[in-house]
Amino acid sequence: MTPGNPTVADASETESRPLLAAILTPHRSLGWPGFIAVMAAVGVLNLIAAIMFAAMGAWPVVPFLGLDVLIIFLAFRANYLHARAYEEVIVTPTEIRIRKVTFHGRSREWRFNPAWTRVTQVVDEDDGQVLSLTLDEGRRKLDIATFLPPVEREGFGKALRIALAEARRGPTRTRFD
């Protein structure tokens with residue numbers, strides 16, 4: 001065989017090559033340095049308030065101020081734990097694979113045939129934002145990109161539609177005239 005001619009391995013590689021591969025993660029705008037700064041500010045403000053209340057003789061208020069800091073810390077901790085969740089979307093010419101992983105680490109996987117699957121979206125009539133994206137294979141439906149903001153959900157929906165159209169079109173072949 002001459003170099004450049006397709007082989008059987010090349011054809012199977014084309015079928016498994018992703019047309020779209022995306023990992024969708026929840027957005028967290030406050031990083032660790034910001035978290036430390038917020039917790040330090042809350043701690044200092046509550047410490048000042050605790051000293052003032054103790055000086056006025058209202059010492060029973062002091063434990064509640066400490067409880068306030070603990071509750072804020074636990075809320076941030078829960079928020080960061082939930083940030084571990086993600087969705088993996090892979091579109092190949094032969095299948096669409098969706099894997100959702102919870103923040104606990106449990107995962108579920110769905111597979112769809114790109115020839116029979118379409119992307120549907122619910123759009124808010126007032127402002128035109130995409131509220132939800134759904135993969136629809138007729139008898140099966142799956143909501144995807146659930147934790148993306150509407151603007152990113154719209155962009156992801158467009159990219160997914162392009163990848164599905166390419167998967168339906170099939171592998172492109174070079175013509176030799």
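Phe73 is partly exposed in this predicted model, its relative accessible area being 35%. The residue belongs to helix α3, which spans residues 62-82. Together with Phe64, Leu67, Leu70, Ile71 and Leu74, Phe73 forms a nonpolar patch on the surface. The accessible area of these residues together is about 580 Å². A relative accessible area of 35% is compatible with membership of such a patch, because patch residues must have over 30% relative accessible area.

From the surface, the description turns to the interior. The largest nonpolar core comprises 22 residues. Those with the most contacts inside this core are Val91, Ile98, Leu135, Ile144, Phe156 and Leu160. At least two core residues are supplied by each of the strands β1 (20-24), β2 (86-91), β3 (96-101), β4 (107-112), β6 (130-136) and β7 (141-144), and likewise by helix α4 (150-169). Helix α4 provides the largest share, with five residues.

Leu135 illustrates how such a residue is surrounded. Apart from neighbours within four places in sequence, Leu135 is in contact with Ile96, Ile98, Phe112, Thr117, Arg118, Val119, Arg140, Lys141, Leu142, Ile144 and Leu160. Among them, Ile98, Ile144 and Leu160 are also listed with the most contacts inside the core.

Charged side chains add a further set of links, with nine salt bridges in the count. In one of these, Arg111 and Glu95 meet at 2.9 Å, N to O. This pair links distant parts of the chain, for Arg111 lies in strand β4 and Glu95 in the loop between β2 and β3, 16 residues apart. The two partners differ in their exposure: Arg111 is partly exposed, with a relative accessible area of 44%, whereas Glu95 is buried, at 19%. The value for Glu95 falls on the buried side because the cut-off is under 20%.

A second salt bridge joins Asp136 and Arg118, whose closest N and O atoms are 3.1 Å apart. Asp136 is in strand β6 and Arg118 in strand β5 (residues 118-123), so this pair ties together parts that are 18 residues apart in sequence. Asp136 is buried, with a relative accessible area of 6%.

Within helix α4, Lys158 forms a salt bridge with Glu154, with 3.9 Å between the closest N and O atoms. These residues are separated by about one helical turn, because they are four residues apart in the helix. Both are partly exposed: the relative accessible area is 49% for Lys158 and 32% for Glu154. Elsewhere, salt bridges that share partners join Glu95, Arg97, Glu109 and Arg111 into one network.

Key
Residues numbered from 1 in each chain as written. Predicted model: local features only at pLDDT ≥ 70, side-chain atom pairs only at ≥ 80, totals over all residues. Heavy atoms only, no water. Patch = residues over 30% accessible without salt bridge, like charges linked within 9 Å, V, L, I, M, F, W, Y side chains within 5 Å. Areas by Shrake-Rupley, 256 points an atom, 1.4 Å probe, with all protein chains shown as cover. Salt bridge = Lys/Arg side-chain N within 4 Å of Asp/Glu carboxyl O. Buried < 20%, exposed > 50% of the residue type's maximum accessible area, 1.4 Å probe, protein only. Core = buried A, V, L, I, M, F, W, Y, C linked by side-chain atoms within 4.5 Å. Contact = heavy atoms within 4.5 Å.
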